[in-house]
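Here's a walk through how the helices of one protein chain sit against each other, and what a few individual residues are up to. Have the structure open and follow along.

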Amino acid sequence: MLAILAADLTYQLWHGHPCASSLEFQFFVHHVLNTTQISMPTLTLALKLIHTLKLRQPTLCGDPGSECRVFTVGLILANKTLEDNNFTNKTWSKVTGLPSAEINQMEMEFLEVLEWRCLVSQQDYLEWRSLLENHLLSYSLSLTA
């Protein structure tokens with residue numbers, strides 16, 4: 001369920017409309033999260049960074065299917081920011097199937113838009129986490145209704 005929520009949120013943040021993500025993207029997110037065992041704080045920060053990217057570049061519009069790339073780079077930056085033992089871009093390439101050179105380029109472009117600021121204040125993080133928890137709760141309730 002967490003993978004579906006993360007996929008849907010990434011899709012909505014990246015494409016700017018409230019449609020559900022594709023089953024292919026949901027599978028991709030599930031695979032990446034299961035393979036890497038990324039922590040919840042890292043996933044939370046990754047989604048926050050994607051949100052910040054779109055706030056800073058609202059006209060940025062990804063092509064269909066590009067949500068895999070933005071999700072991956074969000075996770076990479078969050079993982080490098082929060083985790084002492086983080087994955088190399090070569091490992092991310094193996095996990096996601098994206099070429100290392102492309103991952104490196106996307107990471108640099110993402111960082112430039114963020115002005116190299118991947119940390120968020122504790123208040124911003126807690127507000128974002130609360131928003132995600134509420135979204136997860138309402139999603140869970142919709143499944144049981």
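What follows goes through the core, three helix pairs and a handful of residues.

## What you're looking at

Before anything else, keep in mind that this is a predicted model. For the helix pairs below, two numbers come up again and again, since two packed helices are described by the angle between their axes and the distance between the axes.

## The nonpolar core

Let's begin in the middle of things. The largest nonpolar core holds 39 residues, and Val29, Phe71, Leu75 and Phe110 are those with the most contacts inside it. Seven helices chip in with at least two residues each: α1 (2-15), α2, α3, α4, α5 (89-96), α6 (100-113) and α7 (122-144). Which helix gives the most to this core? That would be α4, with eight residues.

Val29 is a good residue to click on here. Leaving out residues up to four places away in sequence, Val29 touches Ala3, Ala6, Ala7 and Phe71. Phe71 is another of the residues with the most contacts inside the core, and you'll meet Phe71 again in the helix pairs below.

## α3 against α4

Helix α3 covers residues 40-56 and helix α4 covers residues 67-82; their axes are 8 Å apart and the packing angle is about 125 degrees. Angles that are neither under 35, over 145 nor from 65 to 115 degrees count as oblique, so α3 and α4 are oblique to each other. The way α3 passes α4 is a right-handed crossing.

On the α3 side, the residues that meet α4 are Pro41, Thr42, Leu43, Leu45, Ala46, Leu49, Ile50 and Leu53. Facing them from α4 are Val70, Phe71, Gly74, Leu75, Leu77, Ala78, Asn79, Thr81 and Leu82. Sort the residues of this contact by type and you get 13 nonpolar, four polar and no charged.

## α2 against α4

Now swing over to α2, which runs over residues 23-36. How do α2 and α4 pack? The angle is about 20 degrees, with the axes 10 Å apart. Anything under 35 degrees counts as roughly parallel, and α2 and α4 are therefore roughly parallel to each other. This crossing is right-handed.

From α2, the contact uses Phe25, Phe28, Val29, Val32 and Leu33, while α4 brings Glu67, Cys68, Phe71, Thr72 and Leu75. By type, the contact of α2 with α4 comes out at eight nonpolar, one polar and one charged. Phe71 and Leu75 of α4 are in this list, and both also appear in the contact with α3.

## α2 against α5

α2 has another partner in α5: the two axes come within 10 Å and cross at roughly 135 degrees. That makes α2 and α5 oblique to each other, and α2 passes α5 in a right-handed crossing.

Look for Phe28, His31, Val32, Thr35 and Thr36 in α2, which meet Trp92, Val95 and Thr96 in α5. The residues in this contact split into four nonpolar, four polar and no charged. Phe28 and Val32 turn up here as well as in the contact of α2 with α4.

## Two residues on the helices

Leu43 belongs to helix α3. Is Leu43 buried or exposed? Leu43 is buried, with a relative accessible area of 4%. Not counting residues up to four places away in sequence, Leu43 touches Leu2, Ala6, Leu33, Ile38, Phe71 and Leu75. Pro18 is 25 residues from Leu43 in sequence, and their C-alpha atoms are 20 Å apart in space.

His31 has its place in helix α2 and is partly exposed, with a relative accessible area of 33%. The C-alpha atoms of His31 and Ala3 are separated by 8.6 Å, with their positions 28 residues apart along the chain.

## The loop between α6 and α7

Finally, take a look at the backbone in the loop between α6 and α7, where you'll find Glu115 and Trp116. Glu115 isn't a glycine, yet its phi is positive at about 55 degrees. Trp116 isn't a glycine either, and has a positive phi of about 65 degrees.

As for accessibility, Glu115 is partly exposed, at a relative accessible area of 46%. Trp116, at 53%, is exposed.

Methods. Residues are numbered from 1 along each chain as its sequence is written. This is a predicted model: local features need pLDDT of at least 70, side-chain atom pairs count only at pLDDT 80 or more; totals for chains, interfaces and linings use all residues. Side-chain values use heavy atoms; hydrogens and water are left out. Axes are lines fitted to C-alpha atoms, for helices over the stretch in contact, and angles run from 0 to 180 degrees between N-to-C directions. Helices (H or I, at least four residues) and strands (E, at least two) are DSSP runs, numbered from the N terminus. A crossing is left-handed if the near helix is turned anticlockwise from the far one by less than a right angle, and right-handed if clockwise. Contact means heavy atoms within 4.5 Å. Ala, Val, Leu, Ile, Met, Phe, Trp, Tyr, Cys and Pro count as nonpolar, Asp, Glu, Lys and Arg as charged, and the others, Gly among them, as polar. A nonpolar core is a set of buried Ala, Val, Leu, Ile, Met, Phe, Trp, Tyr and Cys residues joined through side-chain atoms within 4.5 Å. Buried means under 20% relative accessible area, exposed over 50%, partly exposed in between (1.4 Å probe, protein chains only).
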